[in-house]
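Please open the model in your viewer, with side chains ready to be displayed, and follow the selections below in order.

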Amino acid sequence: MDLRKLYISLLRAYADNAALRTLPQQAQEMSTDDILAYEKHGESADFLVVVNVRNDIARFNVPDAWRGKKLADVAHDNAPLVLAETLVLAPYQYLVLQAK
């Protein structure tokens, strides 16, 4: 993993999206013991942030509103993604998903 490239991607996403620079207005009850998850809503974009906080594979039940949407992982070079019912995350994996 190229940490410099990853750091640049995160900083670019942060700089380009005002919603990521503010605290969540309301935290949705999406987090579990293994997953930190929250939504961020901005004027021009909505985000779903999902982080596996454990050193083990973890599963996240994707909220209905995010299932089937075309998303881009802005933390990882805007990799395209469409979520199903369950998201399986590797240890310490994180996603910063932007609805398209």
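Throughout this tour, buried means under 20% relative accessible area and exposed means over 50%, with partly exposed in between (1.4 Å probe, protein chains only). This is a predicted model, in which local features need pLDDT of at least 70 and side-chain atom pairs count only at pLDDT 80 or more, while totals for chains, interfaces and linings use all residues. Residues are numbered from 1 along each chain as its sequence is written, and side-chain values use heavy atoms, with hydrogens and water left out.

Select D34 and R54 to begin with. Their side chains form a salt bridge at 3.1 Å, N to O, the term being reserved for a side-chain nitrogen of Lys or Arg within 4 Å of a carboxyl oxygen of Asp or Glu. D34 lies in the loop between α1 (3-16) and β1 (35-41), and R54, 20 residues apart from D34, lies in the loop between β2 (46-52) and β3 (58-61); helices (H or I, at least four residues) and strands (E, at least two) are DSSP runs, numbered from the N terminus. D34 is partly exposed at 34% relative accessibility, and R54 is partly exposed at 39%.

Next, select D64 and R67, whose side chains meet in a salt bridge of 2.9 Å, N to O. Here D64 is exposed at 62%, whereas R67 is partly exposed at 33%. The count of salt bridges comes to two.

Finally, move to D73 in strand β4 (residues 70-73), which counts as buried because its relative accessibility is 4%.
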